[in-house]
Amino acid sequence: MYLARVFGLLLLAGLVAGAAVSVAPAQTDYGLLGEPRAEATEIDRKIFLDGRRQFSRAWDEHDGVGDRFNEHSCVGCHSVPAAGGSGITPNTFVVVSNDISDPGGGHVFQRLQRSGGGVTELPAPPGASRRKAPILFGLGLLDEVALRQPTTPSPGPDKIIGRIGGTEIQPGRFGWKARVPDLKTFTATAFAQELGFAGKPGESDYPNIAIEEIAGFVRLLGPPPRKADVDDRAKAGERIFGEIGCSQCHKPALNLTHQAEGEAGYRPEIHAYTDLLLHNMGSELADGITEGKAGAGDFRTPPLWGVGVSGPPYLHDGRAHDLSRAIGMHDGEARDTRLRWEQLSPADRDALISFLGTL
């Protein structure tokens with residue numbers, strides 16, 4: 001099967017290399033990625049460093065990992081361009097299938113099997129889809145956003161209204177289908193689904209302390225720094241971004257909860273370019289996976305901050321080799337925006353892509 005061939009030897013090579021990936025901050029042309037948030041105290045920085053060590057360590061059966069898993073470490077899938085980043089190679093993509101269901105409502109296929117003869121890769125189930133590992137930079141800030149169901153359309157030409165994901169009892173904001181409600185659950189879910197810990201929180205063999213420390217690291221991980229020196233072409237691209245309707249879903253600014261604002265002391269809003277809501281993206285991108293309120297064609301608007309360093313490839317399954325292709329595959333609620341994109345001149349398209357590179 002295609003998925004099995006794609007993951008092949010690259011996957012096993014990635015498992016060996018994952019533990020050796022550098023966790024130093026990544027230098028870009030406009031700042032550092034992988035550093036703590038600006039308001040972090042000395043105590044916060046200690047929590048951050050402790051959590052980063054756990055994030056980068058390799059876990060095995062002696063730590064409680066079961067016979068089925070996807071990776072040995074968090075940094076194995078979140079390393080580009082620094083610890084907490086994305087994964088852009090085949091071995092860092094997760095396989096999901098509607099044929100699989102766990103108690104948390106997930107559909108992750110654990111493709112590695114440990115046996116007496118070593119570790120082997122299992123063939124993916126029929127109808128499986130891929131998932132690209134998201135960047136974690138600024139995730140703690142997104143956890144502090146005031147999440148509310150809109151009652152009126154987002155400003156723009158298409159009268160789009162997004163929907164909160166998750167369930168009625170537990171609204172979600174993280175994951176490609178907005179299933180996961182908060183950062184702590186996000187981390188615990190990764191331990192169970194990706195690292196293969198079979199226990200549950202509270203059980204003696206479950207790494208609760210490590211989960212707390214890694215959640216602390218991710219919560220304090222700073223957002224991608226905006227490019228300071230923006231040229232006229234990128235400024236024009238920002239204007240075009242709004243004019244053709246991209247900002248209806250990729251909302252430039254989000255407000256934090258009042259509690260989070262008080263704790264931060266100075267940041268009333270964040271600029272992640274997402275609404276954290278579900279939108280139907282049409283049949284071409286639909287993957288057959290249902291999670292909570294998200295149907296087969298529904299996806300949470302991915303944040304665009306850091307998009308210049310988190311790919312290629314792009315989209316939930318990495319099918320787009322560049323940002324132009326990713327925009328060109330938007331459909332469903334984003335169809336009219338895509339049509340306006342297609343009508344742009346080559347210079348205006350180039351300006352919009354240049355703007356995205358500044359985020």
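**Exercise 1. Is Ala-178 buried or exposed?**

*Solution.* Residues are numbered from 1 along each chain as its sequence is written. This is a predicted model, in which local features need pLDDT of at least 70, side-chain atom pairs count only at pLDDT 80 or more, and totals for chains, interfaces and linings use all residues, while side-chain values use heavy atoms, with hydrogens and water left out.

Step 1: Learn the cut-offs. Buried means under 20% relative accessible area, exposed over 50%, and partly exposed in between (1.4 Å probe, protein chains only).

Step 2: Apply them. Ala-178 has 0% relative accessibility, so Ala-178 counts as buried.

Step 3: Look at the backbone. Although Ala-178 is not a glycine, its phi is positive, about 55°.

Step 4: Find its place. Ala-178 sits in the loop between strand 10 (171-172) and helix 4 (183-193). Helices (H or I, at least four residues) and strands (E, at least two) are DSSP runs, numbered from the N terminus.

**Exercise 2. Describe Leu-276 in the way you described Ala-178.**

*Solution.* Step 1: Phi of Leu-276 is positive, near 60°, in a residue other than glycine.

Step 2: Leu-276 lies in the loop between strand 12 (269-270) and strand 13 (278-280).

Step 3: With a relative accessible area of 0%, Leu-276 is buried.

**Exercise 3. Locate two cis peptide bonds and the loops that hold their prolines.**

*Solution.* Step 1: Go to Val-80 and Pro-81. The peptide bond from Val-80 to Pro-81 is cis, with omega near 5°. Pro-81 belongs to the loop between strand 3 (68-69) and strand 4 (94-96).

Step 2: Move on to Gly-311 and Pro-312. The bond joining Gly-311 to Pro-312 is cis, and its omega is near 5°. You will find Pro-312 in the loop between strand 14 (298-300) and helix 8 (323-328).

**Exercise 4. Give an overview of the chain.**

*Solution.* Step 1: Count the elements. The chain has 10 helices and 14 strands.

Step 2: Check burial. Of the 359 residues in the chain, 51% are buried.

Step 3: Turn to contacts (heavy atoms within 4.5 Å). Among contacts between residues at least 6 apart in sequence, 70% join residues at least 24 apart.

Step 4: Consider the surface. The chain exposes about 15,900 Å², and carbon and sulfur atoms supply 55% of it. Accessible areas come from the Shrake-Rupley method with a 1.4 Å probe; for residues, only the protein chains shown count as cover.
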